[in-house]
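Let's work through a few exercises together. Keep the structure open beside you and try each task before reading its solution.

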Amino acid sequence: MPRSAPIFTNFTAGELSPRLEGRVDLTKYPNGCKTLENMIVQKHGPASRRGGFYFSSEVKDSSKKTRILPFEFSATQAYVIEFGDQYIRFYKNYGQIQTGMFSEEFDTPFSKGSAYEVSTPYLEDELFDLVITQSADVLYIAHQNHEPRTLSRLGDTNWNLDIIDFLDGPYDSINTTTTTLGFSATTGTGVTVTASAVAGINNGSGFLVTDIGRLIRFEDGASHYTYLKITARADTTHVTADFIGPDASATTARTSWRLGAFSATTGYPSVVTFFEQRLVWAATTNRPQSMFFSVSADYENHAPTNNDGDVLDDSGFVYTIATDQVNTIRWMRAGKVLSVGTAGGEFIVSQGDQNSPLSPTNTRVVRQTTFGSAAVTPPQVGNSVLFLQRANRKIREYVYQFESDAYTAPDLSILSEHITEGGVVDMAYQQEPNSIVWLVRSDGVLVGMTYERSQDVVGWHRHIIGGVDAKIESVSVIPNTTGSRDDLWAIIQRTINGQSVRYIEFMTTGMPEVSVNTIDATYLDSMLSYDGSPSSQIFGLSHLEGQTVSVLANGAAHPDRVVSSGSITLNDDYSVAHIGLPYTSTLQTMRIEAGARDGTAQGKKKRIARITYRLYDTLGLKHGPSADRLDIIPFRSSADDMDEAPALFTGDKEVEFPRNWDKDGYIFLVQDQPLPFTVLAIMPELNTTKV
């Protein structure tokens, strides 16, 4: 009976697909897990229990879907913005920004004032189509059904949402018909614009009511340009407009005119980003393949020439991707080049002459791959753009390859293709501390991908949120108040006391990096913490009314309680207590491939007699060969005070394994208490039979 002592040195491959359970030949096989639930793959190898989600606030209207987006002025001044049905609210320093006072009963701002709010035109079913980009204190917002807007921060309770009043553009193509436009005056407001025919105007429909607010650019003489804004429409050949540009030199009707590209008639851009000191909009209804570049360093000006008709290097311009099919632009990401994802493929925008800046005459657009992109804004991680393929399931790494002098897009989900089943609806990137791309599945499951390409780390993990019918709907990441790490925020839908609610919560670190005891452990969802004078009564839990909650009191697991009238009663007085919804963390290894005398160990009976776990800051753990056969690993010794929580354990824990002969050789590690758990390595002592 051969004996062996293999070692699982790291878990950087994450949860592997069930379709790979026979692929013991894969290099990543021993570093993968069959199950990795509510666990995070650390980029240097260990697997740790995820932190809990801390309750911040209920959304304004829990009956409607809501989205959160980031606003990051600096590493220490960042906000989460709650976008709901025709409103936005704001969060900072872990609490909701309100016009009233904050309570100090809990160690985060549990607000008692009224939420500061700004009205918006965005409806519930439009929220997940919003695309944003930011410059300092100004957020630019794109949506195909609405005029582009800016959200400007003047103070914590002073935000303005304004329609952008574009200067001189952007425009559609120059008129090529014989239709002329003439004016009743050469300057001022309320000027009547007369068209000689409807040809060339809105595909022969003439002026429409939806043209109100649209620009007109006009050459009224030899190289003399001006522009106006339509303010009213009389009929198909007559509108009223105000001069915005220079006075006209004459009222003579001419054929050299063009209409604005953004309007209720043509649709508004659905994508926006910055590139090379230009604000770039893209994908209107009428021009889904076009990109609209602003004047350099003048973001709300799209003038295609100066007033004399000269095209300058810094002039605004429009570029339409020319392909053999309609490739609606889905996203844009700026780096050394502008990466562009469309429904039919991925492109790069760069300078034709690399020694000169991007300009109307020095722009080059080249298709790189043909996978097609989903309409979910991808994160940029280092030099790579991690985009969602058109079917909303595969995550691809759009990155430059020196060997081929081109961009490629390998599939990052190929070893864990099951983990995005059902499709992905939202994404966010958490750079610190573990470089994780977070994804929201359509069924509400939170999925993480630990990504560190330089170390060949691509490790997937699933997260099932605590509570009844709990689903993640939206995620966002902002730096914490010190800038030392990034915080993951989420909108979580649950059933509480028979009612569907939506809460805004943020993931804790679980254990602070310098912690030496379990008092700091925060491994519960929708949780709140009490830190004050010793007490057995904990109030302020109305958001968990009727729920059975777990409690960590003075660093020790406390019997569960049911929240009644917003409070619970503990079995003694405690000065520190964490209260929330429990969740279970599970690590299940792949089938062991070791110890066989003749060939593979697969299909042969195995028994693990003893096992050594190399742990870090761990307490309260179960293990066994299956989920229904688990033994408790002891951590308390006779030297520990019985009225205090045991110290966190770091080191090798050698224990007997629940005896069991089977052909799998699975190892389960389970944490179902609100306590920390990090495994560095697993070292079983294994017997393997011939059959």
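**Exercise 1.** What area does the chain expose, and what percentage of it do carbon and sulfur atoms supply?

*Solution.* The exposed surface of the chain comes to about 27,500 Å², by the Shrake-Rupley method with a 1.4 Å probe. Carbon and sulfur atoms supply 47% of that surface. Please note that this is a predicted model, where local features need pLDDT of at least 70, side-chain atom pairs count only at pLDDT 80 or more, and totals for chains, interfaces and linings use all residues. Residues are numbered from 1 along each chain as its sequence is written, and side-chain values use heavy atoms, leaving out hydrogens and water.

**Exercise 2.** How many of the chain's residues, in percent, count as buried?

*Solution.* Start with the total, 691 residues. Of these, 56% are buried, meaning under 20% relative accessible area with a 1.4 Å probe, protein chains only.

**Exercise 3.** How many helices and strands does the chain have?

*Solution.* Count zero helices and 53 strands. Both are DSSP runs numbered from the N terminus: helices are H or I, at least four residues, and strands are E, at least two.

**Exercise 4.** Find the order of the open sheet of four strands, and its edges.

*Solution.* Step one: the order is β14-β15-β16-β17, with antiparallel pairing; strands pair if DSSP finds at least two bridges between them. Step two: β14 (131-135) and β17 (158-163) are the edge strands, each pairing on one side only. Step three: look inside the sheet, where five bridges join β15 (residues 138-143) to β16 (residues 146-155). Here Val138 stands opposite Ser152 in β16.

Notes:
Buried < 20%, exposed > 50% of the residue type's maximum accessible area, 1.4 Å probe, protein only.
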